[in-house]
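Trainee: I am new to this structure and would love a close look at one part of it. Could you walk me through a metal site?

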Amino acid sequence: MQVFGIAEPGAPAEEIEIATPELTGASVLVKITHSGICHSDVHCAEGYFDLGDAGQMPVTDAGAEYPFVLGHEIVGEVVAAGPEAGVEPGDTKYIVYPWIGCGECQPCRDDNENYCIGAKRNLSIALKGGFAREVWVPDSRYLIPVGDLDPAWAATLACSGVTGYAAVSKVLTEEVDRPIAVVGTGGVGLSAVALLAARGHKNIVAADVNEASLENARKAGATATVLTTGADPVTDLVTAGGGKLAGAIDFVNNGATSGLALGAMGIGGKLVSVGLFGGQLAFPTTVMALNQLKIEGNFVGSLPQLRALVDLANSTELPKLPITEAPLEAQTVNDTLQGLAERTVVGRFVMVS
Ligand SMILES: [Zn+2]
Ligand SMILES: [Zn+2]
């Protein structure tokens, strides 16, 4: 199959031919029609994740083998299927769930494949991803029909969308009037604001360093906003929500933002850490204990959560970040990854074939 592979850390993507895995069992080969480019692809292209004072984690530690084929926001059509796949080649468009686990450990058996403790098979890391003409998917169960959704936007649900959905699931509380903060409302954060509102939360405080992002957050359903560039952002955050937080989702997740969210947290509150911007958290441990605080990380979401999100998107109007479409080519991959790294790309970028 034709892929846009990266031969070594930092190398540009080049169109190369690699062997297509055998179509045994329920596996399928999907011709890619839409392939989103995500900020996390930038880290993977560099070859490592930034772990703050703990240094760097090579992507090869997560099971990646060169040539890397990145890309995990994939929509396409089945062109070939194994004997047990139960789907026929045709022009039905599917979102491909990319966060595939080993299929055998307890989290995988519980349908929480993003918690897999075995040999993960994530597309774009352990398995070849969506910067390609075709992608091999180990089981047709990972295909979710796009339905009436815009396929370019639907592709982004597989990463930023399901990440927001899963993070919101972790922070939602029955106390719908207590403040929940969303820190960083540029991309995924904006969808989290909308999902909190769509799922019934009534006190949603958006926090960002950028007034334009806060304006978008208000349109998406934030009931209060805070510009966190002031002298005392913790007090500003508490004031905006009308009290200390019941929870917060941090889509930046560096030392400053996580410290801000924890500083504003009320008793029993939970911080959900999502962003991969790197950094180090310093926080008074006594306050952790006295206020019985919780910190829970979030990495993407499960297959049932992506299905639930697609259902929600088909029944509710969710905000759509501006999407730039460009041809599915190696050059597009390279230009966009560079633009994302230099922060000159606004909104989402989806390659179309
Ligand atoms: Zn992503
Ligand atoms: Zn597993």
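Trainee: What spacing do the donors of the zinc ion (ligand 2) follow along the chain?

Mentor: Happy to! Keep in mind that this is a predicted model, in which local features need pLDDT of at least 70, side-chain atom pairs need pLDDT 80 or more, totals for chains, interfaces and linings use all residues, and side-chain values use heavy atoms, without hydrogens and water. Residues are numbered from 1 along each chain as its sequence is written, with chains lettered from A and ligands numbered from 1 in written order.

The spacing you asked about is C-x2-C-x2-C-x7-C. The residues behind that pattern are C102, C105, C108 and C116, and each coordinates the zinc ion (ligand 2) through its SG atom. Their distances to the metal run from 2.3 to 2.4 Å, inside the 2.8 Å limit for a donor N, O or S atom (3.2 Å for Na, K and Ca). The angles among the four donor atoms of this zinc ion are 103 to 117°, and the site is tetrahedral (all angles between 85 and 135 degrees).

Now follow the chain around this metal. C105 sits in the loop between β7 (94–96) and α2 (106–109), while C116 sits in the loop between α2 and β8 (134–137). Helices here are DSSP runs of H or I with at least four residues, and strands are runs of E with at least two. C105 and C116 are 11 residues apart, and the pair links distant parts of the chain. Both C105 and C116 are buried (under 20% relative accessible area, with a 1.4 Å probe and protein chains only).

It helps to set the zinc ion (ligand 1) beside this site. Its protein donors are C38 (SG), H72 (NE2) and C159 (SG), at 2.0 to 2.2 Å. Water is not among the atoms, so sites may look incomplete. Along the chain, the donors of the zinc ion (ligand 1) are spaced C-x33-H-x86-C. H72 lies in the loop between β5 (56–58) and β6 (73–81), and C159 belongs to helix α3 (residues 151–171). With their positions 87 residues apart, H72 and C159 also link distant parts of the chain.

Are these two donors buried or exposed? H72 counts as buried because its relative accessibility is 2%. C159 counts as buried too, because its relative accessibility is 8%.

To sum up, the zinc ion (ligand 2) has the SG atoms of C102, C105, C108 and C116 around it, whereas the zinc ion (ligand 1) has C38, H72 and C159 as its protein donors.

Note on methods: Four donors count as tetrahedral if all angles lie between 85 and 135 degrees; four count as square planar and six as octahedral if opposite donors are over 155 degrees apart and all others between 65 and 115; anything else is irregular. Buried means under 20% relative accessible area, exposed over 50%, partly exposed in between (1.4 Å probe, protein chains only).
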